[in-house]
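Good morning, colleagues. Please take a moment with the structure on the screen before I go through it.

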Amino acid sequence: MSEFTVTVFRFAFFVILWLFVFGVAGVLRRDIFGARRGPRKAKKNKAARGSSRQSAPAQNQQTQNQQAQPAPVPSRPAPRANPGSIRVTAGPMAGTSLILSGAPVTFGRAPDNTIVIDDDFASSHHARIIARNGAWVLEDLSSTNGTFVDGSRITAPFDLGIGTQITIGHTTLETQS
Amino acid sequence: MSDSVSQAARPRPYRLAELGLIILAIVASTSAYALVGLGVDDAMPTDIYGYMAWLTALALLIHIVVWWKAKYADPVLVPIAVLLNGLGLAMIHRVDLGRVEFLDSATQQLIWMTLGVGLAITVLIVLRDHRWLRRYTYVSGFLALFFLLLPLIPGLGRTINGARIWIGIGPLSFQPGEIAKILLAIFFAGYLVAYRDQLVLAGPKILGIRFPRLRDFGPIVIAWIASVGVLVFERDLGTSLLFFGLFVAMLYVATSKVSWIIIGMSFFAAGAVLATLLFSHVQQRIDGWLNALTAEEYNKTPGGSYQLVQGLFGMANGGLVGTGLGEGRPNMVPYAESDFIYASFGEELGMAGLFVILLCYLLIFERGIRTAQKLRDGFGTLLAAGLSFTIALQVFVVVGGVTRLIPLTGLTTPFLAQGGSSLVANWVIIALLLRMSDNARRPVDEFHTGVLKITEDPDSTTASARRRKKSADDSDRTDAEHRNSPSDRTSSDESPTTVHATTPADEAVTTNLSTRRPSGPDQRPTDEPTQGGDR
């Protein structure tokens with residue numbers, strides 16, 4: 001085979017290699033470049049309003065959220081005006097978030113909980129959030145040190161709204177839309 | 001979920017993207033193999049289709065298992081591992097062709113890769129939830145020690161190139177230290193997650209830095225001294241450095257105290273000075289590093305800087321785009337297929353190729369740390385951070401050594417270098433990271449843990465099981481009440497898991513959960529007394 005062909009192959013090989021790297025980067029775009037947008041929706045928004053491209057990612061996110069608020073009414077009678085996700089705002093697990101979607105979410109020190117709270121002030125199975133009558137209900141599972149909602153200890157199951165602060169041990173969680 | 005916000009936040013599996021990237025990785029690996037043939041023999045290798053089929057079969061197999069068992073796992077880990085492994089195979093084959101005698105090391109390596117992928121698949125199928133590993137914290141600690149000690153057993157251990165880190169059974173040899181690395185990461189993660197509060201809050205404060213009490217810190221110091229001591233006896237300081245780095249990094253992640261890094265660094269500095277004074281081979285490495293380009297060091301045998309300098313010359317010869325696969329002379333460097341494979345790549349692929357390799361490692365590390373961040377339990381966070389840190393540190397030590405940034409130590413380049421044990425261990429690490437990233441990204445209603453129960457199942461919770469669970473709950477509660485004294489801490493922390501592991505109720509739970517039941521809140525009987533059945 002001629003020298004030239006081999007050289008062409010060599011550079012074609014580099015193209016494949018870098019294509020791979022950029023392919024990976026493309027898949028991870030949201031993670032690597034930090035712009036947190038929804039997958040398809042954000043793109044459409046951008047196409048519709050070219051100006052939003054210049055705005056900061058955080059702002060972009062905000063506008064998207066605002067647009068998403070009057071979203072089409074869901075077909076299911078499931079929890080709706082209720083929180084859609086829960087976020088750990090303080091404590092060792094700060095930054096973790098979880099989408100509430102049907103299944104119960106449990107909190108506690110034992111490793112089989114949905115959110116494991118490694119804290120001496122948390123019980124093994126401390127509290128949980130379950131769906132009941134179309135609402136998300138926070139229940140304390142007879143924990144030793146109690147579950148606090150907006151600063152006061154709960155004694156009965158508590159119906160969660162958006163923006164509620166739940167405190168378990170040193171960990172604070174917040175319900176979000 | 002028809003809510004648009006939730007849909008935007010809901011993770012997508014990205015499995016098709018993974019498939020695309022895997023195909024690209026296979027194309028790249030196969031063309032590397034073909035280019036090696038073209039460069040050396042001026043003809044396509046005859047076994048190119050067989051090679052491609054083998055690689056494709058392995059990659060697709062693990063892809064299907066990931067799709068089946070870990071649908072939400074990170075989509076880029078498998079393609080990157082396949083690409084690095086394929087590139088390594090091509091380079092090993094190339095060095096083999098340049099040698100006087102043809103050893104067919106590429107086929108051997110491919111067999112090891114098959115074993116590695118097989119183990120990774122086993123891990124993905126058997127290990128349904130990484131939290132299950134936490135039950136075996138101390139078992140892994142002891143197993144790690146056992147594996148580390150294996151090469152010291154007379155008759156079983158083998159000394160190759162001055163380091164006694166191999167065991168040999170018949171013609172096969174294996175480095176148990178590579179497996180010990182993973183086990184130690186599990187041990188550190190399980191231990192630190194249980195004791196991190198004590199490590200941070202209790203203990204005397206000296207010079208503004210809070211030191212832990214000996215009682216909290218004892219086991220981990222013993223584990224560390226043992227592993228490092230063993231490695232000093234086995235004369236493999238690269239691995240010892242790796243373990244120490246892993247230990248410090250995991251302590252830092254667990255406690256988020258910068259003081260640990262400072263303490264770790266000073267410990268390391270003291271250890272390095274001591275090792276230099278005590279061991280002649282360390283002294284040799286340092287001399288060869290500092291005065292690499294003097295004639296005296298270059299011509300010294302054994303232990304001169306010949307290998308290092310030849311590697312540097314090779315990389316310089318490669319330049320920006322390299323000489324082309326099969327057209328350089330990587331065989332000038334001793335161990336061009338294992339320790340110095342990075343230099344071989346530098347010569348034949350140049351900087352453009354090396355950057356692809358480094359970016360691949362960076363991406364693995366980024367995905368690992370990202371998984372650690374997203375995971376909802378401290379154990380997983382620590383384990384993911386620890387495992388990805390091992391890969392990163394290993395790459396740093398090897399690449400730094402080859403490029404003369406730091407003294408040369410005998411570590412393998414993950415996935416690239418020839419050596420079965422390292423390859424197998426790295427595939428297991430990838431499998432663990434896949435499993436953890438699957439757990440981190442999976443929506444709660446699709447959780448399938450297999451081992452640990454997180455959702456209730458009203459139909460299957462029989463009355464007796466419920467009663468048993470209630471009593472277990474009660475014992476938990478009393479445990480929790482007595483937890484104020486620190487000495488009870490260990491037992492109370494471990495008991496929920498260990499107790500349930502043995503009860504028949506847990507067996508039932510295990511079988512229940514092996515089938516995934518995505519259940520919406522509206523399908524659930526709302527008046528069901530759920531208190532007892534919940535775990």
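Let me begin with a single residue: is F107(A) buried or exposed? In this predicted model, F107(A) is buried, because 29 other C-beta atoms lie within 10 Å and 20 or more are enough for that class. The residue belongs to strand β3 of chain A, which covers residues 105-108. Leaving aside residues up to four places away in sequence, the partners that F107(A) touches are N113(A), I115(A), I117(A), H126(A), A127(A), R128(A) and I168(A). I would also draw your attention to T167(A): 60 residues separate F107(A) from T167(A) in sequence, while the C-alpha to C-alpha separation in space is 11 Å.

T167(A) leads us to the sheet of chain A. T167(A) stands opposite T172(A) in strand β11(A). The two strands involved, β10 (residues 165-168) and β11(A), run antiparallel and are joined by 4 bridges. They form a hairpin with 2 residues between the strands, and within this hairpin G169(A) takes a positive phi near 60 degrees.

Strand β11(A) has a further partner in strand β1 of chain A, residues 85-90; this pair is also antiparallel, with 5 bridges. Two opposite positions may be noted here. S85(A) faces Q176(A) of β11(A) across the pair, and R87(A) stands opposite E174(A) of β11(A).

In general, side chains in a regular strand alternate between the two faces of the sheet. Which side chains of β11(A) point to the buried face? On that face we find T171(A), L173(A) and T175(A), which are buried; T172(A), E174(A) and Q176(A) point to the other face and are not buried. Two residues of this second group have already appeared: E174(A) as the position opposite R87(A), and Q176(A) as the position opposite S85(A).

Let us place these strands in their sheet. It is an open sheet of 6 strands in chain A, with the order β2-β1-β11-β10-β7-β8 and antiparallel pairing. Its edge strands are β2 (97-99) and β8 (152-153), each of which pairs on one side only.

For chain A as a whole, there are 4 helices and 11 strands. Of its 177 residues, 36% are buried. If one takes the contacts in chain A between residues at least 6 apart in sequence, 36% of them join residues at least 24 apart.

I now turn to chain B. This chain has 19 helices and 5 strands. Here 49% of the 535 residues count as buried. Among contacts in chain B with a separation of 6 or more, those between residues 24 or more positions apart account for 72%.

How are helices α4(B) and α5(B) oriented towards each other? Helix α4 of chain B spans residues 77-98, helix α5 of chain B spans residues 105-126, and they pack at an angle of about 155 degrees with their axes 8 Å apart. The two helices are therefore roughly antiparallel to each other, the threshold for that description being an angle over 145 degrees. From α4(B), the contact is made by N85(B), L89(B), I92(B), H93(B) and D96(B); from α5(B), by S105(B), A106(B), Q109(B), L110(B) and M113(B). Sorted by class, this contact has 5 nonpolar, 4 polar and 1 charged residues.

Chain B also has an open sheet, of 3 strands, in the order β1-β2-β3 with antiparallel pairing. The edge strands, pairing on one side only, are β1 (157-160) and β3 (172-174). Neighbouring strands of this sheet are turned by 45 degrees against each other on average, direction ignored. Between β1(B) and strand β2 of chain B, residues 163-169, the antiparallel pairing runs over 3 bridges. Within chain B, G157(B) stands opposite I167(B) in β2(B).

Finally, a word on confidence. For the complex, the predictor gives an ipTM of 0.77 and a pTM of 0.76. The mean pLDDT of chain B is 78, with 76% of its residues at 70 or more. Where does pLDDT stay under 50 in chain B? One such stretch is residues 449-535, for which the model has 114 contacts beyond four places in sequence. Another is residues 1-8, where pLDDT likewise stays under 50 and the model has 22 contacts beyond four places in sequence.

Thank you for your attention.

Note on methods
Residues are numbered from 1 along each chain as its sequence is written. Chains are lettered from A and ligands numbered from 1 in the order in which they are written. This is a predicted model: local features need pLDDT of at least 70, side-chain atom pairs count only at pLDDT 80 or more; totals for chains, interfaces and linings use all residues. Axes are lines fitted to C-alpha atoms, for helices over the stretch in contact, and angles run from 0 to 180 degrees between N-to-C directions. Angles under 35 degrees count as roughly parallel, over 145 as roughly antiparallel, 65 to 115 as roughly perpendicular and the rest as oblique. Two residues are in contact if their C-beta atoms, placed from the backbone, lie within 7 Å. Ala, Val, Leu, Ile, Met, Phe, Trp, Tyr, Cys and Pro count as nonpolar, Asp, Glu, Lys and Arg as charged, and the others, Gly among them, as polar. pLDDT is the predictor's confidence in each residue, from 0 to 100. A residue is buried if 20 or more other C-beta atoms lie within 10 Å of its own, exposed if 12 or fewer, and partly exposed in between; C-beta atoms are placed from the backbone. Two strands pair if DSSP finds at least two bridges between them.
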